Amino acid sequence: MPITNQHVSGHMFLRQMYTDSYFPDHVVDRGRAILLRLCERIEAEQPSDLEALYALSQAATEEFNSLEAEFEAAGSEIETVAREVIAEDFWFVASAYGFTDAHVEELIATRDW
């Protein structure tokens, strides 16, 4: 399903991670795909409130949790810079879909990174 939200379709997810050689592009690509799937789910399911949005974003966060081993295998990790970049993009997604009052910590509450 193609993303219809113009703000999202033009956004470069995880930009800072792509520009930092510490983060391997092939793993960052997987993180970008997680965020794009989150956008697709939001467009398909159209959450009506923050709780419904949080359920979707926390499921996506759990997918990021599973990437930690891939980052480590590639000599990297989800460290401070990555945590901030990922969290910012989760908030960007929420905001782009009209949930400007979403709390970033709640969006990624299921994280273990």
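## Salt bridges in a predicted model

Mentor: Let's start with glutamate 105, which has 48% relative accessibility and so counts as partly exposed. Keep in mind that this is a predicted model.

Trainee: Okay. Which residue forms a salt bridge with glutamate 105?

Mentor: That's arginine 111, with the closest N and O atoms 3.5 Å apart.

Trainee: And why does arginine 111 count as partly exposed?

Mentor: Because its relative accessible area is 30%, and partly exposed runs between the 20% and 50% cut-offs.

Trainee: Got it. How many salt bridges are there by this rule?

Mentor: The count comes to 4. One of them joins the side chains of arginine 30 and glutamate 70, at 2.4 Å from N to O.

Trainee: Where do arginine 30 and glutamate 70 sit in the chain?

Mentor: In distant parts of it: arginine 30 is in helix 3 (residues 25-45), while glutamate 70 is in helix 4 (residues 50-73). They're 40 residues apart.

Trainee: What's the relative accessibility of each?

Mentor: Arginine 30 has 43%, so it's partly exposed. Glutamate 70 is partly exposed too, at 26%.

Trainee: Switching over to arginine 37, what does its side chain meet in a salt bridge?

Mentor: The side chain of glutamate 63, again with 2.4 Å from N to O. Arginine 37 belongs to helix 3 and glutamate 63 to helix 4, with their positions 26 residues apart in the numbering.

Trainee: And how do arginine 37 and glutamate 63 rate, buried or partly exposed?

Mentor: Partly exposed: arginine 37 has a relative accessible area of 37%, and glutamate 63 comes in at 30%.

Definitions and conventions. Residues numbered from 1 in each chain as written. Predicted model: local features only at pLDDT ≥ 70, side-chain atom pairs only at ≥ 80, totals over all residues. Heavy atoms only, no water. Helix = DSSP H or I, 4+ residues; strand = E, 2+ residues; numbered from the N terminus. Buried < 20%, exposed > 50% of the residue type's maximum accessible area, 1.4 Å probe, protein only.
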